[in-house]
Amino acid sequence: MGDEQLELTILLPCLNEAETIELCIDRARSYLARTRVLGEVLVADNGSTDGSQQLAISKGARVVAVRDRGYGSALRHGILAAHGRYIIIMGDADDSYDLSNLEGFMARLREGDDIVIGNRFRGRIAPGAMPLLHRLGRPVLSHLGLLFFGVRIGDFHCELRGFNRERIRALNLHTTGMEFASEMIISAALRDYHISEVPTTLKKDGRSRPPHLRTWHDGLRHLSFLLMFSPVARSRSLKEFTWIYTPFS
């Protein structure tokens with residue numbers, strides 16, 4: 001069966017996720033098998049040194065090596081490498097989201113939505129899955145997204161999201177870090193893409209080490225991105241003002 005017939009790519013960014021990558025791939029492949037969706041599991045590896053690449057291949061995933069460091073870089077290269085003709089769904093490779101349960105995303109995407117975002121606050125946040133500071137900060141960022149850009153979603157930075165492949169490629173996203181999530185939604189909103197939400201569950205991830213996310217550092221990157229583009233976003237395209245934005249190093 002040719003890759004051109006694939007409907008879905010389940011995209012997993014990865015950096016040293018040997019503890020959880022196999023379980024994530026198993027869950028994703030079980031979804032494809034159970035629903036008979038024609039698809040693939042694609043791991044965008046961002047320089048793992050713990051053998052994550054080999055584990056992913058052994059579980060039947062396709063692996064693309066991404067030399068440019070950063071969460072956004074891994075996702076951008078993964079999107080370009082995806083074989084799924086219509087839809088990509090991305091989630092972290094830390095087993096914090098259940099990749100065996102994607103029916104809500106697929107239903108909305110098949111109906112023509114451009115982007116579908118998980119909403120953890122409308123779904124469920126398991127005990128210990130989200131620090132208190134994140135519980136307080138993420139609704140604030142979501143409110144700023146509504147205030148500045150008219151984006152009516154309640155969980156602006158949920159990592160589990162689906163989108164139409166060609167529509168997302170047309171946005172020409174360019175950020176390299178965690179602010180990639182903000183850039184995707186803002187760019188889509190400026191082009192009047194149809195964005196919707198589905199309830200989703202966040203559980204405590206399966207890693208024994210700290211997460212890659214740095215609360216204050218990455219939160220400031222998101223906030224800086226929102227504030228830098230808010231005065232011009234109503235009348236000018238985001239791409240015209242990329243020179244303004246200098247992320248925190």
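This passage walks through the fold of a predicted model, from the whole chain down to single residues.

The chain contains eight helices and seven strands. Of its 249 residues, 53% count as buried. The chain exposes about 11,500 Å², and carbon and sulfur atoms supply 54% of that area. A helpful way to picture the fold is to ask which parts of the chain meet. Among contacts between residues at least 6 apart in sequence, 76% join residues at least 24 apart.

The strands are a good place to begin. Seven strands form an open sheet, and reading across it gives the order β3-β2-β1-β4-β6-β5-β7, with mixed pairing. At the edges lie β3 (62–65) and β7 (195–202), each of which pairs on one side only. Neighbouring strands of the sheet are turned against each other by 25° on average, with direction ignored.

One edge of the sheet can be followed in detail. Strand β2 (residues 39–45) and β3 run parallel and are joined by four bridges. In one of the residue pairs, A44 has V64 in β3 as its bridge partner. Is V64 buried or exposed? With a relative accessibility of 19%, V64 counts as buried, because the cut-off for a buried residue is under 20%. Leaving aside residues up to four places away in sequence, V64 touches L42, V43, A44, D45 and A81. For L42 and V64, 22 residues apart in sequence, the C-alpha atoms lie 7.5 Å apart in space.

Attention now turns to the helices, starting with α1. Helix α1 (residues 21–35) lies across β1 (8–14) and β2, and runs at about 170° to β1. A simple check of its length is possible: at 1.5 Å a residue, the 15 residues of α1 should span 21 Å, and the end C-alpha atoms are indeed 21 Å apart, so the two values agree. Which residues of α1 are buried? They are I21, C24, I25, A28, Y31 and L32. These residues cover an arc of only 120° around the axis, which means that they sit on the same side of α1. The spacing makes sense, because an α-helix has 3.6 residues a turn and residues three or four places apart point the same way. The buried residues of α1 pack against β1, β2, α2 (52–58) and α4 (103–110). Just after the helix, R36 takes a positive phi of about 60°.

Helix α4, one of the partners of α1, can be read in a similar manner. Its buried residues include F105, M106 and L109. They cover an arc of only 95° around the axis, so they are on the same side of α4. What do the buried residues of α4 pack against? Their partners are β1, α1, β4 (87–90), β5 (115–125), β6 (161–164) and β7. Just after α4 comes G112, with a positive phi of about 110°.

Loops can hold buried residues as well, and A126 gives an example. This residue is placed in the loop between β5 and α5 (132–149). A126 counts as buried because its relative accessibility is 10%. Its C-alpha atom is separated by 6.2 Å from that of L202, although the two residues are 76 apart along the chain.

Methods
Residues numbered from 1 in each chain as written. Predicted model: local features only at pLDDT ≥ 70, side-chain atom pairs only at ≥ 80, totals over all residues. Heavy atoms only, no water. Pairing = 2+ DSSP bridges. Helix = DSSP H or I, 4+ residues; strand = E, 2+ residues; numbered from the N terminus. Axes fitted to C-alpha atoms, helices over the stretch in contact; angles between N-to-C directions. Contact = heavy atoms within 4.5 Å. Buried < 20%, exposed > 50% of the residue type's maximum accessible area, 1.4 Å probe, protein only. Expected span 1.5 Å × (residues − 1). Arc of directions from axis to C-beta. Areas by Shrake-Rupley, 256 points an atom, 1.4 Å probe, with all protein chains shown as cover.
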